[in-house]
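Visitor: I've got some questions about the labels used for this model. Can you walk me through them?

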Amino acid sequence: MSVEDASALVLPKLRKERKAAQIIAANKGKSIEDLAKDNNVSASTASALTVKSPTIPGAGSEPAIVGTAFAMKEGATSDLIEGNTGVYKLTVTKKTEAPKLDNYSMYATSVKSSRESRVNTAVYDALKEASVIEDKRGSFY
């Protein structure tokens, strides 16, 4: 890949990382209210977050942010965290643990069947890519 092509891909990522680093450095140690007031944004509440669907309403897919929220204890506040679409500071207000199940066989069967179909497709595609087929139908017809 040429430098020009690579720079078109890398520059937006570098800008995003540097901008996030500037925001984090400028707002270190502030409360959520002060952070929102100083940056002309509003603090919002995200409810019904799940690990299976790590989407924050109004922000989009943020798996690192949602994962951090699940790792925190109820009432804890995080430091500033860089996400896909911005910089976040979290406070866990309520956390509901999933109910414990006696038998996970239904979920295990579901995961097994989805992975089996994925493996079959991957093997077929690998064989197709590795094969060398010469089309000689024209000489027979």
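**Why the labels fit**

Guide: Sure, and keep in mind that this is a predicted model. Let's start with helix α3, residues 63-71, where Ile65, Val66 and Ala69 are the buried residues.

Visitor: What makes Ile65, Val66 and Ala69 sit on the same side of α3?

Guide: The arc they cover around the axis is only 95°, so they end up on the same side of α3. Their cover includes β1 (55-56), β3 (81-82) and β4 (87-88).

Visitor: Why is Leu11 called partly exposed?

Guide: Leu11, part of helix α1 (residues 3-26), has 37% relative accessibility. Partly exposed runs between the buried limit of 20% and the exposed limit of 50%, so Leu11 at 37% gets that label. Leu11 also belongs to a nonpolar surface patch with Met1, Leu9, Val10 and Leu14, about 490 Å² of accessible area together.

Visitor: And how do you know that Glu62 has no salt bridge?

Guide: Glu62 is in the loop between β2 (60-61) and α3. The nearest side chain of opposite charge is Lys16, 7.3 Å away, while a salt bridge has to be within 4 Å, so Glu62 is buried without one. Leaving aside neighbours within four places in sequence, Glu62 has contacts that include Pro54, Ile56, Asn84 and Tyr88.

Visitor: What makes Ser114 partly exposed?

Guide: Ser114, in helix α4 (residues 105-130), comes out at 33% relative accessibility, so it counts as partly exposed. Its C-alpha atom is separated by 25 Å from that of Val66, 48 residues apart along the chain.

Notes
Residues are numbered from 1 along each chain as its sequence is written. This is a predicted model: local features need pLDDT of at least 70, side-chain atom pairs count only at pLDDT 80 or more; totals for chains, interfaces and linings use all residues. Side-chain values use heavy atoms; hydrogens and water are left out. Patches are made of residues with over 30% relative accessible area and no salt bridge: like charges are joined within 9 Å, nonpolar side chains (Val, Leu, Ile, Met, Phe, Trp, Tyr) within 5 Å. Accessible areas come from the Shrake-Rupley method with a 1.4 Å probe; for residues, only the protein chains shown count as cover. Helices (H or I, at least four residues) and strands (E, at least two) are DSSP runs, numbered from the N terminus. Buried means under 20% relative accessible area, exposed over 50%, partly exposed in between (1.4 Å probe, protein chains only). The arc is that of the directions from the helix axis to the C-beta atoms. Contact means heavy atoms within 4.5 Å. Lys and Arg count as positive and Asp and Glu as negative; His and the chain ends are not counted.
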